[in-house]
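Got the viewer open? Let's go for a walk, one selection at a time.

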Amino acid sequence: MNQSYTIFISLCVLVISFIGGLYLFEKSTPEQQQWIINLLDARVLLVEQPTFLETIFPHLMIAVVFFLFYQHRYLRKLILVICAFKITFYGFCSSYLLQSQDSTFPYVFWWFPFQLVYCILLLALANRVNLFALSFYIIVIIIEFFLMPFILFNN
């Protein structure tokens, strides 16, 4: 019963936060959109291939805050808020990519699948940090770094 409750809460956070990101995008100006995206994940705005640091920095930023909160007994409850923030940004950037790109190719083959996996893994790590989810998260970052140039810049 507890496991199904946790899965239900995680799915609700995923859906509500993603829709919240779509709504925030709709209510913001183009200057605000670019400022927020540049602050949190500049790869969305890049036209050339990102460096390894540009690929890993957005994940590192969330991971550091995530694990600092996880170390404290009372702040551990706020980890779900960090996940919701990441998922909201995911919805925000999804809207930006779909509106600003000439083709949906980068969104379909790069942004949507990789960010969905990251968000699901963050939600899994929020419930319980285990070695499998953590190592899978790192493997997906490495795969994204090597596949992103082929997906985005060779189409």
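Select K77 to begin: K77 is exposed, at 71% relative accessible area (exposed means over 50%, buried under 20%, partly exposed in between, with a 1.4 Å probe and protein chains only). K77 sits in the loop between α3 (52-71) and α4. Helices here are DSSP runs of H or I of at least four residues, strands are runs of E of at least two, and both are numbered from the N terminus. Now add F57 to the selection: 20 residues separate F57 from K77 along the chain, and their C-alpha atoms are 24 Å apart.

A word on what you're looking at: this is a predicted model, in which local features need pLDDT of at least 70 and side-chain atom pairs count only at pLDDT 80 or more, while totals for chains, interfaces and linings use all residues. Residues are numbered from 1 along each chain as its sequence is written, and side-chain values use heavy atoms, with hydrogens and water left out.

Next, click on S94, which you'll find in helix α4. Is S94 buried or exposed? It counts as buried, because its relative accessibility is 2%. Show its surroundings and you'll see S94 touching F18, Y107 and W111, leaving aside residues up to four places away in sequence (a contact is heavy atoms within 4.5 Å).

F18 is your way into α1, so select residues 2-27. Those 26 residues should span 38 Å at 1.5 Å a residue, and the end C-alpha atoms are 37 Å apart, which agrees; the expected span is 1.5 Å times one less than the number of residues. Now colour the buried residues of α1: S10, V13, L14, S17, F18, G21 and F25. An α-helix has 3.6 residues a turn, so residues three or four places apart point the same way. What do the buried residues of α1 pack against? Bring up α2 (30-40), α4 (79-100) and α5 (105-127).

Time to zoom out and show the whole chain. There are six helices and zero strands. The radius of gyration is 16 Å, close to the 15 Å that the globule rule gives for 155 residues, so the chain is as compact as a globular protein of that length; the radius is taken over C-alpha atoms, and the rule is 2.2 Å times the number of residues to the power 0.38. Turn the C-alpha trace along its principal axes and it spans about 45 × 35 × 25 Å. Of the 155 residues, 39% are buried.
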